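Please walk me through this model. I want the core, the surface and the confidence.

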Amino acid sequence: RHIRRFTMASIGRAMAFLSAVLLAGLTCAHAYAVNIDAHAEECFFEHVKEGTRMGLAFQVAEGGFLDIDVTINGPDGKVIYSGERETDGKYTFAAHSDGNYKFCFSNKMSTMTNKLVVFTITSGAEEVALPEENHDKLTDMVRELSEAMHNVKREQDYMEIRARTHQMVNDQTNSRVLWWAFFETMILFSMTVSQIYFLRRFFEVRTTV
């Protein structure tokens with residue numbers, strides 16, 4: 001059986017890289033829920049350094065056909081991502097320069113319906129780059145582990161968005177059912193009182209002088 005041997009230098013480089021990966025895994029996530037009026041647009045900003053991994057995960061929880069226009073712009077105004085009439089989604093990228101990155105949700109296509117959008121913006125540490133001469137099999141394996149960790153984190157953020165959205169929809173549905181049941185009860189009570197009143201009037205014996 002073939003056994004691959006690693007030198008102490010390669011192990012040291014891999015350990016240093018792994019430490020950087022673990023630090024990179026400490027991402028910062030901001031979760032929001034925003035109500036966007038018809039013909040309106042809401043934008044959010046995140047200031048990061050060049051090479052920082054960033055991600056956006058969103059879902060339209062309520063309103064119309066559950067669709068929204070999404071755009072991501074860099075500090076130089078460059079369009080990083082643009083989507084029209086999307087219900088949900090997730091997008092990741094590496095910052096190409098230092099500065100404020102703009103995440104916008106537009107409901108300008110809607111004439112009268114507001115949209116409730118739940119989303120998270122994540123940002124992590126700068127991407128770790130090693131010189132070409134330091135690349136070896138162990139370092140490549142650690143780099144693959146880093147990418148897998150980031151993928152898992154992005155998937156967790158996306159599932160958290162969906163869970164929060166579904167919880168919000170359930171709460172709103174329960175509230176509407178409760179108010180509708182209360183409304184029906186009041187109608188039945190009013191009808192009962194009215195019927196009793198008219199029946200008593202119908203069978204009332206009137207005396208004439």
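The questions below take these topics in turn.

Reader: What is the average pLDDT of the protein?
Author: This is a predicted model, where local features need pLDDT of at least 70, side-chain atom pairs count only at pLDDT 80 or more, and totals for chains, interfaces and linings use all residues. Residues are numbered from 1 along each chain as its sequence is written, and side-chain values use heavy atoms, leaving out hydrogens and water. pLDDT is the predictor's confidence in each residue, from 0 to 100. At least 70 is reached by 73% of the residues, and the average is 77.

Reader: Over residues 17–26, how many contacts beyond near neighbours in sequence does the model have?
Author: Contact means heavy atoms within 4.5 Å. Where pLDDT is low, predicted coordinates should not be read in detail. Over residues 17–26 the pLDDT is below 50, and the count is 16.

Reader: Which element gives the largest share of the largest nonpolar core?
Author: A nonpolar core joins buried (under 20% relative accessible area, 1.4 Å probe, protein chains only) Ala, Val, Leu, Ile, Met, Phe, Trp, Tyr and Cys residues through side-chain atoms within 4.5 Å. The largest has 20 residues, with Leu-56, Phe-105, Val-117 and Phe-119 making the most contacts inside it. Strands are DSSP runs of E, at least two residues, numbered from the N terminus. Four residues, the largest share, come from β3.

Reader: Is Ile-187 buried or partly exposed?
Author: Ile-187 lies in helix α2 (residues 137–202); helices are DSSP runs of H or I, at least four residues. Partly exposed means between 20% and 50% relative accessible area. Because its relative accessibility is 35%, Ile-187 counts as partly exposed.
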